[in-house]
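User: I am new to reading protein models, and I would like to understand how such descriptions are justified. Could you take me through this one step by step?

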Amino acid sequence: MDLSAINPVLLVASLMVAATPLLLAAVGELVVEKAGVLNLGVEGMMIVGAIAGFATAVESGSPLLGFVVAAVAGAALSTLFAILTQFAQANQVASGLSLTLFGLGLSALMGQSYVGIKPPQMQDIHIPLLSDLPVVGPIIFGHDIILYFGIALIAAVWMVLKYTRVGLILRAVGENHDAAHALGYKVLRIRVLAILFGGACAGMGGAYISLIRVPQWTEGMTAGIGWIALALVVFASWKPWRVLLGAYLFGGVTVVQLNLQAAGVAIPVEYLAMSPYLITIVVLVILSADKSSAPAALGRNFHASR
Amino acid sequence: MIRLEKRPQPSRAWSMATPLVAVLATMIAGGLLFAILGKNPVEAIRTIFWEPLFGEFAFYYRPQLLVKGAPLVLIAIGLSLGFRAGIWNIGAEGQYIMGALFGAGMGLAFYPHEAWYIFPLMVISGAFGGWLWAMIPALLKVRFGTNEILVSLMLVYVAEQFLASMSLGLLKNPEGFGFPGSRNLQQYESAHNADLIAGSGMHWGVVAALIAVIFAYVLLNRHMLGYQIRLTGEAPRAARFAGVKPARLILFCLGASGMLAGLAGMFEVSGPSGQVSIDFNVGYGFTAIIVAFLGRLHPVGILLAGGLMALTYIGGDIAQSNMGLPSAAIQVFQGMLLFFLLAFDLLTNFRLRLGKPEVA
């Protein structure tokens, strides 16, 4: 075992990369839940985004186009969820699960001819001088554009929810859909838009895994990250900046665990690989005592008849 | 414009009919999918639904129906109890793995000793393994109010890693030339879950599944606990006033489903699969969710749905070898089934009315 081989600067830099898919998916789901909808299909939307983005990037040679298509694919899949829960009044838990099961199958089907291919690489942004600074350079500067986009998205969601009329309406729909309806807001339309946004974010998160974090396609490669993203929303008590914090925490666990594996720590690899999931459970337990900040109408369907 | 009008009472007729409508719609949509993949859709659907039952080699496939259907029914029965009460155990796959590990571990501990009591002990420890794994989300929910959906799911990934570590470590076959995976229980008579009638596919897991169906039916229709489960699902507040203790219900529902999933894993590893190996689990725990919903959370319905789902597995295998249909296509097919079922459920609770909404 050689722990000195672990470079703390690289550790932090790779932690940010590991956290980005989680962060994207979780901030999307946060918006969905703020609108009062519980979409358990994040894992399914992520994996479909992962293969859609991967395939597009390979065929077109442009990773950026891959991310765009991944967002569209995630949103398209979430449309199914929107139809089921918002128009057909189906149970949200069951619909979300079916989305995940369907997405896992669909992605496996789509990805058959893409196993073992390397995708085109996303260029890191290299700013002369700044990127070359010791310690700060590799951590803050010199990542790919999507990573910064994720952080900007958190800020944007926070601003919109806190300071704008759109955010106020969204929250009203999530807190009390009957009251929002009585005030004349289109509850279903707002919820559908939130679901589409969540789908697009999850799709991009998935593409980040297949294009940047792992750069390859394997079946079921999201391996529960979508579910951890759901847990992350609970962890963050539905607050955007805490999503960022939580994602970096989980990203940290993942990266440290991988580094320990590489350093040959005496703990068997399987037990290290378990750790992100176990820590998610522990965190859920610690934070589940406080449910006060959950949107009041979360998981309840709205139907405008009396 | 189509308008929805809530029915005062859910329609019983539609409740029975939606699974059939959903299957038909899935066949059509699935046919389209197969056509897109460049296969003859009629041929593919026929291969999946007809070949295993009445085709030339049906004598070979019919026993397979029992082998594949039993674990699905066993797990789905357990899940349905919780689903009815709004307790969502999504981690049956993990409980299935733990049941298999505990069951196989018990059997291998006796190797090569032969005795009549080994198999019953394995059954007990398999059930215990699944129960234990389900108790984690159950106790956390009761004690801390933790979300059981997320916890039970996280535990699936933990169980998968545990399975890998067991098949590379403690349970590895010492005579396996270093390959991962345990000894084959099919070659260890006292631990082998063999066909009760040779070649029929009828092993102890099938018997257990049938018992579970009867047991669940009696529980739900004739027993106080079953009444409490139904009441909690339909009117949680009323249930509280009627003296239902939510904590006890959570422990019971998760415990029972974990136990049944554990049993399914144990019967599988000691019978058809025979061996603990890294990818021994094949997603029965997740497919069982579809089975539970397709069966309307009703024991008899689940029995039928389990049969249907087993059919798609076997038919899918045949279509894979005969027509080169990708195996993932069947997974998509099964996912679609759940989609259509949930969508058509609309008709159970709502009436469709044509025309403009009246202005109140």
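Analyst: This is a predicted model, and the secondary structure of chain B comes to 15 helices and two strands.

User: Why is chain B called as compact as a globular protein of its length?

Analyst: The radius of gyration of chain B is 22 Å, and the globule rule gives 21 Å for 360 residues, so the two values are close and chain B is as compact as a globular protein of that length. Along its principal axes, the C-alpha trace of chain B spans about 80 × 55 × 35 Å.

User: What share of the residues in chain B is buried?

Analyst: Buried residues, those under 20% relative accessible area, make up 56% of the 360 residues in chain B.

User: How much area do chain B and chain A bury between them, and on which atoms?

Analyst: Chain B and chain A bury about 3500 Å² between them, with 82% of this area on carbon and sulfur atoms. The contact draws on 41 residues from chain B and 45 residues from chain A.

User: How many salt bridges are counted between chain B and chain A, and how many residue pairs are in polar contact?

Analyst: The count of salt bridges between chain B and chain A is zero, whereas two residue pairs are in polar contact, both at pLDDT 80 or more.

User: Which element gives the most to the side of chain B that touches chain A, and what classes of residue does that side have?

Analyst: The element that gives the most is α7(B), with 14 residues. By class, the side of chain B that touches chain A has 34 nonpolar, six polar and one charged residues.

Conventions
Residues numbered from 1 in each chain as written. Chains lettered and ligands numbered in written order. Predicted model: local features only at pLDDT ≥ 70, side-chain atom pairs only at ≥ 80, totals over all residues. Heavy atoms only, no water. Contact = heavy atoms within 4.5 Å. Buried area = accessible area lost by both parts, 1.4 Å probe. Salt bridge = Lys/Arg side-chain N within 4 Å of Asp/Glu carboxyl O. Polar contact = N/O pair within 3.5 Å; in protein donor to acceptor, adjacent residues only side chain to side chain. Helix = DSSP H or I, 4+ residues; strand = E, 2+ residues; numbered from the N terminus. Nonpolar A, V, L, I, M, F, W, Y, C, P; charged D, E, K, R; others polar. Rg over C-alpha atoms; globule rule 2.2 N^0.38 Å. Buried < 20%, exposed > 50% of the residue type's maximum accessible area, 1.4 Å probe, protein only.
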